[in-house]
Amino acid sequence: MNMNNQGRPTTPTSGAGEAAQSSAKTFTGNKALQIEELLSFEFGDFAGTGVDLPELKSNANRLGGLARKSDIGLPGLSEPETMRHFVRLSQKNYAIDMGPFPLGSCTMKHNPRLNEKMARLSGFGDLHPLAPESAVQGALELIDNLAFWLKELTGMPAVAMSPKAGAHGELCGMMAIKAALVARGEGDKRTRVLAPESSHGTNPATAAQCGFTVENIPADKTGRVDLAAMKEKLGPDIAGIMVTNPNTCGLFERDIRAIADAVHEAGGYFYCDGANFNAIAGKVRPGDLGVDAMHINLHKTFSTPHGGGGPGSGPTVLSEALAPFAPVPYVICEDGKYSLIETRRAAKAEDASGESLGRLTAFHGQMGMFVRALSYMMSHGKDGVRQASEDAVLNANYVLARLKSEMTPAFEGHCMHEALFDDRFLKDTGVETIDFAKAMIDEGYHPMTMYFPLVVHGAMLIEPTESESMRELDLFCDAMLSLAKRAKAGEAEAFKAAPVYAPRRRLDETAAARNPVLRWTPASPAEAAE
């Protein structure tokens, strides 16, 4: 990148479509309110600092031979420089507070500020994981209340609260299944786990982590598990099945009860991936469908956008058959006093029919996520949780109905919480799925989930969530329809050049992945002279 004498890029774009930007070139590199921002290393003062530190009262050196012998190499910034730097960076990032975040399978919905306020209450936000039980009775009561409502919503008798996120919850459920098989004396015999072709990648990975062999189940023409093909794979060595419902194509598995019954008859267990519980919470109880274990993404279903930069939480509900193998710790209440069952031995004393699988993590879950989730439940109530699910499904079907005139739905019929399209509408246009995604950036939208699930060619998975108003959905759909019409009208070159209006143009993602630049290095004298 060429630099002017102030260290600013003179041409912030490169590659296809650069000529379109040449007329907008500025001396500073800025484009009106879109401010060009350097790395703090490029403009900071390595000899100074923006903070005055008091002189040390003692000159005693207790570092032995480990004292630093050279500068630390970090730039010093004043307070205004620091504030401006991070504000400018934040303005280059898309966020749920700026507009719709249509990522399918991720549930990027609005995070109510009430939940944030509750999570920051000093009694919750300042908790220490090693505080004595006598000092955290309120927190333990909150965990117990949340556990109660998770069991109520799922129709399951037990829940493990300690898993830290979805994949961790999967691990908990599959470890409980493994422990139950071992207790039955079939740990070495039942080694196969079935998973649909459209499964989240964590499903087969989790099963393999637990020592199981994974076999794929094909989908039928409606995008759901092929029941006949699944039954053909059952046998005396089946440990269980892992099915996401609603599935990753945004469809409800109509044969879910038949799947569960067939697996149980074969002696296996049914693990349900609960990543999409936000589509059925308050509407369907997984326990009534024959589910033995299911994780719940609190950070998706009960507020806090997935990938929001903070911790996740993946409690795992367990059936009566798996409840004795639940991990420790877990909360109990006796005579109004809350305490934690911390060891396998104590858990065994509680229920002699099985032994806890042990401890999954050092401490008991994610307190901030627990507070947010219970706040969400209490503020919405039973009817509100149900309506959130209904509205999520309504919004997704509205998007499906509005876009199907120009885009091609992957499957016929209604969807659940997300609408899935393939790339047939782009055939012979010269525009690919990735080009369509980049053009969305110019329209001011974060692209939907692209190329996933893998069972659909050129997949575009849109999840609007219940948070979006009809006005926002209409504007989004109008923008999508406009892009589809432009692609069909022969504007492939413009799509290949996109994004034009982003702070940076299209990157060589393959080169960036193969040769990542993870460390800043000072420019050489020759480069600095340029």
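**Strand pairing, cores and side-chain contacts in the predicted model**

Pro 409 finds its bridge partner in E11, where the residue opposite is Phe 421. This is a predicted model, and the pairing just described belongs to an antiparallel contact between E10 and strand E11 (residues 419-422), which extends over two bridges. Together with two further strands, they build an open sheet whose order is E10-E11-E13-E12, with antiparallel pairing. Strand E10 (408-409) and E12 are the edge strands; each has a single partner strand, so one side of each has no neighbour in the sheet. As general background, the strands of a sheet pair through backbone hydrogen bonds, in either a parallel or an antiparallel sense.

Attention turns next to the nonpolar interior. In soluble globular proteins, nonpolar side chains tend to be buried together. In this model the largest nonpolar core holds 52 residues, and the members that touch the most others are Leu 146, Leu 150, Met 230, Ile 241 and Phe 302. Elements that supply two or more residues to this core include helix H6 (137-154), helix H9 (227-232), strand E4 (238-244) and helix H13 (367-403). The greatest contribution comes from H13, which gives ten residues. A second core, separate from this one, is made of 37 residues, among them Ala 396, Leu 400, Leu 403 and Leu 481. For a closer view of the largest core, Met 230 is a handy place to look: leaving aside residues up to four places away in sequence, Met 230 touches Leu 194, Ile 217, Val 225, Ile 241, Ile 259, Ala 262 and Val 263.

Charged pairs come next, and a search of the whole structure finds 26 salt bridges. In one of these, Glu 116 is joined to Arg 372, with 2.7 Å between the closest N and O atoms. Glu 116 belongs to helix H4 and Arg 372 to helix H13, so this pair ties together parts that are 256 residues apart in sequence. Both partners, Glu 116 and Arg 372, are buried.

A further salt bridge brings together Asp 435 and Lys 496, whose closest N and O atoms are 2.7 Å apart. Here too distant parts of the chain are linked: Asp 435 sits in helix H14 (residues 433-442) and Lys 496 in helix H16 (residues 492-497), 61 residues apart. The two ends have unlike surroundings, since Asp 435 is buried with a relative accessible area of 1%, whereas Lys 496 is partly exposed at 34% relative accessibility.

In the pair formed by Lys 233 and Glu 215, the closest N and O atoms are 3.6 Å apart. Lys 233 lies in the loop between H9 and E4, and Glu 215 lies in strand E3 (residues 213-217), so the bridge ties together parts 18 residues apart in sequence. Lys 233 is partly exposed at 24% relative accessibility, and Glu 215 is also partly exposed, with a relative accessible area of 24%. Salt bridges also join Arg 184, Glu 186, Lys 189 and Arg 190 into a network.

Among the aromatic side chains, nine aromatic pairs are counted. Phe 41 and Phe 46 make a tilted pair, with 6.4 Å centre to centre and 40 degrees between the planes. Phe 41 is partly exposed at a relative accessible area of 27%, as is Phe 46 at 38%. With Trp 520, these two Phe residues form one aromatic cluster. Elsewhere, a Lys side chain meets a ring: Lys 178 lies over the face of Phe 212, at 4.9 Å from the ring centre.

Tyr 445 and Phe 476 form an edge-to-face pair, 5.1 Å centre to centre with 85 degrees between the planes. Tyr 445 is in the loop between H14 and strand E12 (449-450), while Phe 476 is in helix H15 (residues 470-488), so the pair ties together parts that are 31 residues apart in sequence. Both rings belong to buried residues.

Tyr 445 also leads to Pro 100, whose contacts, not counting residues up to four places away in sequence, are Tyr 94, Tyr 445, Glu 468 and Glu 472. Pro 100 occupies the loop between helix H3 (79-90) and helix H4 (113-119). With a relative accessible area of 9%, Pro 100 counts as buried because this value is under 20%. Between the C-alpha atoms of Pro 100 and His 110, which are ten residues apart along the chain, the separation is 9.0 Å.

Technical notes
Residues are numbered from 1 along each chain as its sequence is written. This is a predicted model: local features need pLDDT of at least 70, side-chain atom pairs count only at pLDDT 80 or more; totals for chains, interfaces and linings use all residues. Side-chain values use heavy atoms; hydrogens and water are left out. Helices (H or I, at least four residues) and strands (E, at least two) are DSSP runs, numbered from the N terminus. Buried means under 20% relative accessible area, exposed over 50%, partly exposed in between (1.4 Å probe, protein chains only). Contact means heavy atoms within 4.5 Å. A nonpolar core is a set of buried Ala, Val, Leu, Ile, Met, Phe, Trp, Tyr and Cys residues joined through side-chain atoms within 4.5 Å. A salt bridge is a side-chain nitrogen of Lys or Arg within 4 Å of a carboxyl oxygen of Asp or Glu. Rings of Phe, Tyr and Trp (its six-membered ring) pair if their centres lie within 6.5 Å; planes under 30 degrees apart count as stacked, over 60 as edge-to-face and the rest as tilted. A charge sits over a ring if NZ of Lys or CZ of Arg is within 6 Å of the ring centre and within 35 degrees of the ring normal. Two strands pair if DSSP finds at least two bridges between them.
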